[in-house]
Amino acid sequence: MILNKNKLLANNDLALLFIRVAVSMSMIIVHGFKKVIDIHGTIEHIPDPLGIGNTASAIISIIANIVAPVFVILGYKARLATIPTLGVTLTGLILVHWGDPLAVRDVPYLYSIVFLFILLAGPGKYSIDNIRFKSPDKKITQLSTVLLTVIVLASCSDKEAMQADLIVKNANIITLDDEIPRASAVAIKEGEIIYVGNEELAEDYKSEETRIIDAQGKMMIPGLNDSHLHHIRGGLNYNLELRWDGVTSIKRALEMLKEQANRTPEGQWVRVVGGWSEFQFEERRLPTLQEINEAVPDKPVFILYLYSLGFMNKAGLEYVGYDSLTSYPGGEIQLDSEGIPTGLLVAKPSALILYSTLVKGPSLTREEQINSTMQYMRELNRLGITSAIDAGGGGQYYPNNYEVAQQLAKEGKLTVRTAYYLFAQKKGKELESFKNWTSQVSPRHNDDLFKPNGYMMHGAGENLTWAAADFENFLEPRPHLGEHMEGELKPIIELLVSKRWPFRIHATYGESIERFLDVFEEVNDSIPFDGLRWIVDHGETVTDQQLERIKNLGGGIAIQNRMAFQGEYFIDRYGAQEASNTPPFSKMIDKGLPVGLGTDGTRVSSYNPWYSIYWLASGKTMGGTQLYPRERLLSRESILKLMTRGSAWFSSEENVKGSIKKGMYADLILLNQDFLSIDDEKIKQMESLLTIVNGKVVFAQNEFSYLDPGVPSAIPKWSPVNYYQSIGGQQKKQIR
Ligand SMILES: [Zn+2]
């Protein structure tokens with residue numbers, strides 16, 4: 001009996017030695033060395049969660065990750081030596097990673113347990129401490145045996161749980177994660193990334209059921225996330241729209257009108273709803289009404305040009321019944337010398353006339369809207385979008401117009417993770433709408449039955465009150481907001497802050513932002529924002545001082561490439577000097593503000609995220625005018641971060657998506673070109689070859705087309721979606 005007991009004690013001491021050495025070595029190798037040695041080309045950025053400064057944080061982490069573990073290995077002052085390490089791992093667990101999924105927190109969690117155990121148990125017999133003092137207490141060694149067993153069992157079951165569903169190997173992975181910036185393999189389980197690194201280690205996650213995809217050396221990045229898109233509305237109408245996005249001549253654009261008109265049945269319209277400007281055409285001018293009438297004499301045509309103009313042919317005017325007597329509040333109908341409408345609609349002072357004319361046309365049936373939304377999400381997937389934040393939009397009524405996307409979410413067919421904001425539709429009823437909505441729904445409820453955060457309402461905006469809408473139309477002077485704006489906005493902000501509803505507000509000009517900030521700060525004095533997320537949308541001419549005020553109130557800015565479509569007009573009106581700082585994206589980033597990148601598609605700008613990335617990478621408009629000096633441009637990788645990690649903040653998801661990292665959602669894309677090295681102009685031709693959302697392939701083409709799940713063809717059958725590549729206007733090869 002006594003012999004056995006001694007044997008057990010000796011085993012425990014060996015076990016203690018083993019765990020001291022194993023865990024301390026792992027701490028030193030994995031977390032210590034990278035803080036002092038250049039492994040990935042950059043020394044790891046050391047976080048400063050306690051706000052004590054970078055140098056102090058660096059010294060503490062070197063002590064905790066290298067010096068103290070050496071003491072633990074030697075068993076010299078071992079209990080004392082666990083304390084700095086425990087301090088750092090518990091800080092990581094509690095301060096840095098508290099809101100993260102368990103899979104992210106497990107590293108600091110396990111380290112904390114093991115070092116706590118050494119603190120309790122002491123170093124055991126095989127230690128300098130023991131030689132200098134005395135042998136360990138019996139009870140503590142028994143306790144340590146139990147704890148060791150638990151940890152060993154836990155790590156075994158962890159290993160079993162880590163069999164991947166999917167491994168992508170042989171990829172050139174740009175992780176956008178500062179800890180491991182480059183990798184060649186990624187392992188995925190149940191929609192989450194469980195490993196990022198090299199091929200050999202990825203093998204550990206392989207089982208018989210694991211699907212392996214060879215990326216053939218292509219570049220992989222996290223899925224793109226457009227932080228300001230109108231894709232719910234875009235989806236409801238997509239099958240009806242002929243898109244001129246990326247078409248390079250008026251000649252081709254008019255041909256497309258004609259071709260599509262020939263297929264369009266009686267009673268239907270041919271419509272082009274935004275996404276283009278004349279500067280993309282080699283002719284560098286707008287089409288004329290005469291050209292449009294010649295191309296399509298017999299079917300109604302409606303063409304939307306930015307927030308500025310609408311073109312209608314004669315058949316279109318007849319359909320909507322506009323004549324010499326028609327007048328429009330918030331818009332003009334151009335008349336010829338005889339007082340007859342020419343077909344040109346002018347947004348002056350607002351775009352109301354354009355949108356209210358557009359809704360006079362026929363819409364899709366429910367069945368067609370479901371199909372249309374699926375086609376549109378697939379198109380976004382093709383361009384590398386895996387997430388988008390919907391900023392509401394005129395005519396986008398809640399809850400009715402949200403039901404199609406919701407139905408798809410419930411059926412697991414929504415392939416773009418969507419967070420959406422509720423937009424006040426009726427003038428004079430804005431506060432009432434928000435009172436209703438805040439009593440009926442709460443932010444962040446997920447309606448997607450197949451993946452986390454697949455479809456969730458996230459807050460209010462971008463229109464909070466019509467009195468605050470400063471439409472950007474650089475063809476016209478800056479609009480002045482009415483005197484009563486503050487009086488209408490304030491009770492809405494009070495309501496939203498007290499209900500803890502995140503909100504976003506459309507704001508193009510500094511003059512408007514100044515007045516919004518006055519309201520926000522006043523509300524904050526009585527009802528503190530206290531970390532509530534809120535967003536300035538667009539912010540083209542936001543000032544330095546306003547950036548400071550936005551930061552102090554905890555806001556972020558969602559920027560888009562509207563200047564790429566309207567930059568030439570902005571320069572005409574305000575000058576090239578002013579344009580070179582519009583929007584001041586570098587200042588926003590330097591100030592440490594959350595900044596998300598997006599497109600503001602579909603009605604004004606194109607929804608193609610690469611046009612937005614091109615705009616920042618080249619500093620040019622779509623027509624090639626240099627807006628920003630080259631020395632002020634951001635690096636390609638920083639631009640990608642804006643449309644991934646940056647945008648994730650705007651739906652409170654920065655801890656779950658935006659980089660390729662263990663514990664993050666498995667939303668990934670394989671690119672058709674090497675984004676980091678190609679010429680600026682080629683960025684416009686970027687596409688995804690393989691798009692993975694929540695660990696599932698949702699789109700694949702070319703060499704990866706064998707993986708493509710596909711979608712049914714578009715309905716109605718005559719939809720332009722069945723006939724054209726959506727970007728560039730080329731005919732589709734085969735029509736089912
Ligand atoms: Zn807006």
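**Zinc site and a four-stranded sheet**

At 9% relative accessibility, histidine 506 falls in the buried class, because that class covers residues under 20% relative accessible area. The model in which this residue is described is a predicted one. Histidine 506 takes part in a metal site: the zinc ion is coordinated by Glu462 through OE, by His506 through ND1 and by His538 through NE2. The coordination distances run from 1.7 to 2.2 Å. Along the sequence, the spacing of these donor residues follows the pattern E-x43-H-x31-H. Glutamate 462 and histidine 506 are 44 residues apart, and the pair links distant parts of the chain. Glutamate 462 lies in the loop between strand 16 (455-460) and helix 16 (485-498), whereas histidine 506 belongs to strand 17 (residues 503-507). Glutamate 462 is likewise buried, with a relative accessible area of 6%.

Elsewhere in the numbering, an open sheet is formed by 4 strands in the order 5-4-1-6, and its pairing is mixed. The edges are occupied by strand 5 (192-197) and strand 6 (211-214). Each of these two has a single partner strand, so one side of each is left without a neighbour in the sheet. On average, and with direction ignored, neighbouring strands of this sheet are turned by 15 degrees against each other.

Within the sheet, strand 1 (residues 166-169) pairs with strand 4 (residues 185-189) in the antiparallel sense, over 3 bridges. Leucine 166 has isoleucine 188, in strand 4, as its bridge partner.

Conventions: Residues numbered from 1 in each chain as written. Predicted model: local features only at pLDDT ≥ 70, side-chain atom pairs only at ≥ 80, totals over all residues. Heavy atoms only, no water. Donors = N, O, S within 2.8 Å, 3.2 Å for Na, K, Ca; no water. Buried < 20%, exposed > 50% of the residue type's maximum accessible area, 1.4 Å probe, protein only. Pairing = 2+ DSSP bridges. Axes fitted to C-alpha atoms, helices over the stretch in contact; angles between N-to-C directions.
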